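The exercises below each set a task on the structure shown here and then work through a solution step by step. Please keep the structure open while reading.

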Amino acid sequence: MNDLRAVREEAILAADLLNDRRERNLDAFLAHMLRAWTHLLRALAIRERRRGEIAAWDLRAHLRSAFPESADPVRANLEFAIELRERIAHRVDRERLQFVEAVVSGKINALLLNFEETLVARFGERYSLATAL
């Protein structure tokens with residue numbers, strides 16, 4: 001999935017899952033959005049020739065390299081999303097998940113917006129999600 005069009009499609013799928021009025025799915029959104037972030041940051045490592053990271057598929061490792069400042073808001077948002085995904089995966093029932101989603105909706109929206117900004121800033125407008133969302 002080094003192809004940025006595929007990375008973009010993964011993020012679009014995540015947004016579609018979150019925005020589905022029939023059945024919103026925070027857990028699936030997080031899974032796909034974090035996968036999109038992993039592949040985006042891996043593509044960035046490849047482009048910048050950071051060889052040690054290219055072999056790694058760990059989002060946290062890519063995150064620390066792409067956003068070295070621990071106070072960086074994009075990094076903080078991604079770290080929050082990773083932790084949230086780990087906590088809700090297979091442990092939260094449907095009713096609680098809706099409550100969690102309401103509480104964290106701003107951070108979840110920021111995850112997608114930060115992805116869009118990073119994608120466009122690092123790889124150009126042609127990969128923007130704007131026309132698809």
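**Exercise 1: α2 against α5**

The axes of α2 and α5 cross at roughly 135 degrees and come within 10 Å of each other, where axes are lines fitted to C-alpha atoms, for helices over the stretch in contact, and angles run from 0 to 180 degrees between N-to-C directions. The model is predicted, so to speak of local features requires pLDDT of at least 70 and side-chain atom pairs count only at pLDDT 80 or more, while totals for chains, interfaces and linings use all residues. Residues are numbered from 1 along each chain as its sequence is written, and side-chain values use heavy atoms, with hydrogens and water left out.

Task: classify the packing of α2 and α5, and state which residues make the contact.

Solution. Step one is the class: angles under 35 degrees count as roughly parallel, over 145 as roughly antiparallel, 65 to 115 as roughly perpendicular and the rest as oblique, and α2 and α5 are therefore oblique to each other. Step two is the hand: α2 passes α5 in a left-handed crossing, a term used if the near helix is turned anticlockwise from the far one by less than a right angle, with clockwise giving right-handed. Step three is the contact (heavy atoms within 4.5 Å): L26, D27, L30, A31, L34 and W37 of α2 meet V74, L78, A81, I82, L84, R85 and I88 of α5. Step four is the class count, with eleven nonpolar, no polar and two charged residues; here Ala, Val, Leu, Ile, Met, Phe, Trp, Tyr, Cys and Pro count as nonpolar, Asp, Glu, Lys and Arg as charged, and the others, Gly among them, as polar.

**Exercise 2: the two packings of α4**

Task: describe how α4 packs with α2 and with α5, giving angle and axis distance for each.

Solution. Start with α2 (residues 26-47) and α4 (residues 59-66), which pack at an angle of about 50 degrees with their axes 9 Å apart, and that makes α2 oblique to α4. The crossing of these two helices, α2 and α4, is left-handed. On the α2 side the contact includes L34, W37 and T38, and on the α4 side L59, H62, L63 and A66; by class, the contact of α2 with α4 has eight nonpolar, two polar and one charged residues.

Next, α4 and α5 pack at an angle of about 170 degrees, with their axes 10 Å apart, which makes α4 roughly antiparallel to α5. L59, R60, L63 and R64 in α4 meet R75, L78, E79, I82, E83 and E86 in α5, and the contact of α4 with α5 has four nonpolar, no polar and six charged residues.

**Exercise 3: the nonpolar core**

Task: how many residues does the largest nonpolar core have, and which element gives the most to it?

Solution. A nonpolar core is a set of buried Ala, Val, Leu, Ile, Met, Phe, Trp, Tyr and Cys residues joined through side-chain atoms within 4.5 Å, and buried means under 20% relative accessible area, exposed over 50%, partly exposed in between (1.4 Å probe, protein chains only). The largest such core has 39 residues, and those with the most contacts inside it are L26, F29, L30, M33, W37 and F115. Two or more residues come from each of α1 (4-19), α2, α4, α5 (73-88) and α6 (94-123), with α2 giving the most, eleven residues.

Terms used
Helix = DSSP H or I, 4+ residues; strand = E, 2+ residues; numbered from the N terminus.
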